[in-house]
Amino acid sequence: MVPVSLGMLLLDHFAILAVIASSLDPLMQLIGLPGEAALVFLSSLALNLYSAIAVIASISLSMRELCIIASMCLIAHSLLIECSIMHKTGSSALKMAILRLTSAIVTGLLLNIILPEDFLHLTNAGTQAAA
């Protein structure tokens, strides 16, 4: 997790993070996320969920955005490793990768539609009502 955090710090220091975020921002806006969230998703695809957690810790996201990106990462994490394992079992690695990527994006789109903008306030109200 430290190398990923260090990588994020270096990307931010050399302004590469801003370039990546601004170029992916239009795509991520469709899912209701800022451009920086693309780095979370890409790190979970290539590496594992722990790397995504390290990237999440380095950017500021609302509770609603965290819910969307976490759901997407849980569906399509560690694609490189898991697709090679699926290929060894006889599955089509390409088909499984496409299925998981498509499912993650559709889930992000649906959560963007379903989750209210004031998601944090609703969860706090529900917690206080239960107490």
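Helices (H or I, at least four residues) and strands (E, at least two) are DSSP runs, numbered from the N terminus. This is a predicted model, where local features need pLDDT of at least 70 and side-chain atom pairs count only at pLDDT 80 or more, while totals for chains, interfaces and linings use all residues. Residues are numbered from 1 along each chain as its sequence is written, and side-chain values use heavy atoms, with hydrogens and water left out.

**Exercise 1.** Work out how many helices and strands the protein chain has, and what pattern it follows along the sequence.

*Solution.* Start by counting: there are eight helices and zero strands. Then read along the sequence, and you get α-α-α-α-α-α-α-α.

**Exercise 2.** Find what share of the residues in the protein chain is buried.

*Solution.* Take buried as under 20% relative accessible area (1.4 Å probe, protein chains only). Of the 131 residues, 34% make the cut.

**Exercise 3.** Work out which helices supply at least two residues each to the lining of the largest pocket, and which gives the most.

*Solution.* First, the terms: on a 1 Å grid over the protein atoms alone, a pocket is an open set of points with protein on both sides within 12 Å along at least five of seven lines, and lining residues have an atom within 4 Å of a point. Next, look at the lining, which includes Leu 24, Met 28, Phe 41 and Ile 105. The helices you're after are H2 (16-30), H3 (37-46) and H7 (93-114). H2 comes out on top, with four residues.

Conventions:
Buried < 20%, exposed > 50% of the residue type's maximum accessible area, 1.4 Å probe, protein only. 1 Å grid on protein atoms, 1.4 Å probe; cavity = no way out; pocket = protein on both sides within 12 Å on 5 of 7 lines; lining within 4 Å.
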